[in-house]
Amino acid sequence: MSAISIGLGGSEISVAPDAGWSVEGEVVIERFADPGAEAARVIEVVSFWLAAHPDESIAVMVRAKHRREAVDAAVQAQGLTAEVWDFPAHRPGVVGLLVRHVGAAVRVAGEGVSGVEELFLRCAESVSGDDEALLDELSEAADSLIDLVREAPLSEVVAGIRVASDPDSPTRPGLHLLNGHLGKGQGFDRVVVLGLEDGHVPYYRAKTKQEVKDELSVLHVMASRARKSLMFTVCHDVPFRGATWVRDPSRWLASIENYTTGWIDTEELAAAE
């Protein structure tokens, strides 16, 4: 993966301890007509990885959460267990308070912004008045929840909160769903990077040279999370804000193509097992 890092404008990747990382380096790009076909293939690949390598960590990463909707729905439909990182990681004490009070808050004020406000008040009332650090973290959590409940019910958002773990410990085995910014500093055995289309990578809001450079940094982070297998996807038609957009491949796709090693053939791999 170090070659991809350099090719995307980054530096050579080094990880400690080096002996803990595999020498594998499978890199593939797969193209799809739309996110529905993409999601079906991603679930096929991820399901194979989960069955063949139960002790490994697998990540599906995107630049923006909305681009992962079809995959999220497919994960749920298939009954796959996944750790969702969309909510910022907080210390267990904060998460515990949110989980404890969310049911009552939703019953009183609903699943939207009013529910978040009620949840914050209930959590704050149960905190010692001199624990300013915990109150500050609760306030930050409430701000994040207000953004997230515009896309999903409050009870679902709280249920999907990732509890912060020891940053020096390996990422837990299993499937993880996250965006590129949250992946910084993490590592996974196998990674799927969704949506190498112009308008998503780089994101459509990036206008200046510096903003585009920052987008390349996000792609570099996502690509450099993998240590064994790395799969990129590209779609032709992508729904966004109620419309379907014809997308050109990302301007950085050609750089990645120089490092591809072939296709992930799940039938061939299953036979090999």
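**Entry 1: Ile29**

I started at Ile29, which is found in strand β1, residues 26-32. The model is predicted, and I kept that in mind throughout. Is Ile29 buried or exposed? Its relative accessible area is 8%. The cut-off for buried is under 20%, so I put Ile29 down as buried. I then looked across to Val193. The two residues are 164 apart in sequence. In space, the C-alpha of Ile29 and the C-alpha of Val193 are 9.5 Å apart.

**Entry 2: the chain as a whole**

Next I took stock of the chain. I noted 10 helices and eight strands. There are 273 residues, and 44% of them are buried. I also looked up the contacts with a separation of 6 or more. Of these, 81% are between residues 24 or more positions apart. The accessible surface comes to about 13,700 Å². Carbon and sulfur atoms hold 51% of that surface.

**Entry 3: nonpolar cores**

I turned to the cores. Nonpolar side chains tend to be buried together in soluble globular proteins. The largest nonpolar core here has 25 residues. Which of them touch the most other members? They are Val191, Val193, Leu196, Leu219, Leu230 and Phe232. I then listed the elements that give two or more residues to this core: β1, β2 (57-62), β5 (188-193), α8 (209-223), β6 (226-235) and α9 (253-257). Helix α8 gives the most, with six residues. Apart from this core lies another, of 24 residues. Among its members I wrote down Ala105, Val106, Val127 and Leu138.

**Entry 4: Glu38**

I picked out a charged residue, Glu38. Its place is in helix α2, residues 35-52. Is Glu38 buried or exposed? The relative accessible area is 1%, so Glu38 counts as buried. I looked up what it touches, leaving out residues up to four places away in sequence. The list is Phe32, Arg67, Leu194, Gly195, Thr233 and Cys235.

**Entry 5: a cis peptide bond**

I checked the backbone as well. Most peptide bonds are trans. The bond that joins Val201 and Pro202 is cis, with omega about 0°. Where is Pro202 found? I placed Pro202 in the loop between β5 and α8.

**Entry 6: the largest cavity**

I moved on to internal space. A probe the size of a water molecule, rolled over the atoms, shows where empty space is left. How many cavities of 30 Å³ or more does a search of the whole structure find? The search finds two. The largest has a volume of about 60 Å³. Its lining is made up of His66, Glu197, Gly199, His200, Tyr203, Tyr204, Val238, Phe240 and Arg247. I sorted these residues by type: four are nonpolar, three polar and two charged.

**Entry 7: the second largest cavity**

The second largest cavity holds about 30 Å³ of space. I noted Leu98, Val116, Leu119, Phe120, Leu138, Ala142 and Leu145 as its lining. Which elements give two or more residues to this lining? They are α5 (113-125) and α6 (132-148). By type, the lining has seven nonpolar residues, no polar and no charged. I had met Leu138 before: it lines this cavity, and it is also among the members of the 24-residue core.

Conventions: Residues are numbered from 1 along each chain as its sequence is written. This is a predicted model: local features need pLDDT of at least 70, side-chain atom pairs count only at pLDDT 80 or more; totals for chains, interfaces and linings use all residues. Side-chain values use heavy atoms; hydrogens and water are left out. On a 1 Å grid over the protein atoms alone, a cavity is a set of points where a 1.4 Å probe fits but cannot get out, and a pocket is an open set with protein on both sides within 12 Å along at least five of seven lines; lining residues have an atom within 4 Å of a point. Grid points are joined across faces, edges and corners, and a volume is the space filled by probe spheres set on the points. Helices (H or I, at least four residues) and strands (E, at least two) are DSSP runs, numbered from the N terminus. Buried means under 20% relative accessible area, exposed over 50%, partly exposed in between (1.4 Å probe, protein chains only). Contact means heavy atoms within 4.5 Å. Accessible areas come from the Shrake-Rupley method with a 1.4 Å probe; for residues, only the protein chains shown count as cover. A nonpolar core is a set of buried Ala, Val, Leu, Ile, Met, Phe, Trp, Tyr and Cys residues joined through side-chain atoms within 4.5 Å.
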